[in-house]
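The following note sets out, point by point, what a reading of the coordinates supports. Each point is kept short so that it may be checked against the structure directly.

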Amino acid sequence: MRTYENLEQVRKERGDTFVVVGGKVLDIETFARAHPGGEGVLREYAGRECDDAFFEVHRSEVLEKWAKKLQVGVLAGRQTCVEAWDTVSRIPYGESGHASGLQRMPCYYSEHHDGLRTALRQWFAVNLRHELDGMEDRDRALPSQADYQRCGEAGVFAMMI
């Protein structure tokens, strides 16, 4: 993996076909047309560090997932502290309304719901996440029977974690 000393060095070598997020230099040339937010938004940030803009609309696991495919280097001395994936996201609409503080309905949701969500995400991180990450790269459309079995044994059924 190539280490770049500064943005000018990246621009000299790669032109404006990259963005830097979390210190990772990502090649956007092939991904731009497929970007769900449109090619234009990527082109707007091309050749720049864009942590603030990226994390306003993406959770950290989006960077983790796409960096595996798009990363062409790192920018020396840069790294971003991103929220742990198992915490409540600050991304608008990245969580249900009660979890993100957009709406509190005390008659329906309480701190117990937040605790349950946190506990489930931590369980998931320890027990399943490493097996499920990158499933599409391994041509698996669904979790394995063993994954479902593990969820059932833990009492996790049809629940968004």
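1. Aromatic pairs. In this model, which is predicted, the aromatic rings form two pairs. One of them joins Phe31 and Trp66, whose ring centres lie 4.7 Å apart with 40 degrees between the planes, a tilted arrangement. Phe31 belongs to the loop between strand E3 (24-27) and helix H2 (39-45), while Trp66 belongs to helix H4 (residues 60-70), so this pair ties together parts of the chain that are 35 residues apart in sequence.

2. Burial of the tilted pair. Are Phe31 and Trp66 buried or exposed? Phe31 has a relative accessibility of 13% and counts as buried, because the limit for that class is under 20%. Trp66, with a relative accessible area of 27%, is partly exposed.

3. The second pair. The rings of Phe54 and Phe55 have centres 5.0 Å apart and planes at 85 degrees, so this pair is edge-to-face. The angle settles the class, because planes over 60 degrees apart count as edge-to-face. Both Phe54 and Phe55 are buried.

4. A charge over Trp66. The ring of Trp66 has a further partner: Lys69 lies over its face, at 4.9 Å from the ring centre. Trp66 is thus described here both by its tilted pairing with Phe31 and by the position of Lys69 over its face.

5. Surroundings of Phe54. Phe54 is found in helix H3 and has a relative accessible area of 14%, which makes it buried. What does Phe54 touch beyond residues up to four places away in sequence? The residues are Val21, Arg59, Val62 and Leu63. In the case of Val21, the two residues are 33 residues apart along the chain, yet their C-alpha atoms are separated by 7.3 Å.

6. The buried side of H4. Ser60, Leu63, Ala67 and Leu70 are the buried residues in H4. They lie on the same side of the helix, because the arc they cover around the axis is only 95 degrees. The elements against which these buried residues pack are strand E2 (18-21), E3, helix H3 (51-57) and strand E4 (71-75).

7. Asp27. Asp27 has its place in strand E3 and is buried, at a relative accessible area of 17%. Its side chain reaches the backbone nitrogen of Glu29 at 2.9 Å. With neighbours within four places in sequence left aside, the contacts of Asp27 are Arg14, Thr17, Leu70 and Val72. Leu70, among these contacts, is also one of the buried residues of H4.

8. Arg43. This residue lies in helix H2 and is partly exposed, with 32% relative accessibility. Not counting residues up to four places away in sequence, Arg43 touches Ile28, Glu29 and Ala32. The C-alpha atoms of Arg43 and Ile28 are separated by 8.5 Å, with their positions 15 residues apart along the chain taken as the separation. Glu29, one of the residues touched by Arg43, also supplies the backbone nitrogen that the side chain of Asp27 reaches.

9. Helix H6. H6 (residues 111-127) has 17 residues and spans 24 Å from its first C-alpha to its last, close to the 24 Å expected at 1.5 Å a residue. Which residues of H6 are buried? They are Arg117, Leu120, Arg121, Trp123 and Phe124. These residues are placed on the same side of H6, because they cover an arc of only 160 degrees around the axis. Glu111, His112 and Val126 are exposed and are carried on the face of H6 turned away from its buried side.

10. Overall organisation. The protein has eight helices and four strands. From the N terminus on, its elements run β-α-β-β-α-α-α-β-α-α-α-α. Of its 161 residues, 34% are buried. Among contacts with a separation of 6 or more, 58% are between residues 24 or more positions apart.

Note on methods:
Residues are numbered from 1 along each chain as its sequence is written. This is a predicted model: local features need pLDDT of at least 70, side-chain atom pairs count only at pLDDT 80 or more; totals for chains, interfaces and linings use all residues. Side-chain values use heavy atoms; hydrogens and water are left out. Rings of Phe, Tyr and Trp (its six-membered ring) pair if their centres lie within 6.5 Å; planes under 30 degrees apart count as stacked, over 60 as edge-to-face and the rest as tilted. Helices (H or I, at least four residues) and strands (E, at least two) are DSSP runs, numbered from the N terminus. Buried means under 20% relative accessible area, exposed over 50%, partly exposed in between (1.4 Å probe, protein chains only). A charge sits over a ring if NZ of Lys or CZ of Arg is within 6 Å of the ring centre and within 35 degrees of the ring normal. The expected span of a helix is 1.5 Å times one less than its number of residues. The arc is that of the directions from the helix axis to the C-beta atoms. A polar contact is a pair of N or O atoms within 3.5 Å; within protein, one must be able to donate a hydrogen and the other to accept it, and residues adjacent in sequence count only if both atoms are side-chain atoms. Contact means heavy atoms within 4.5 Å.
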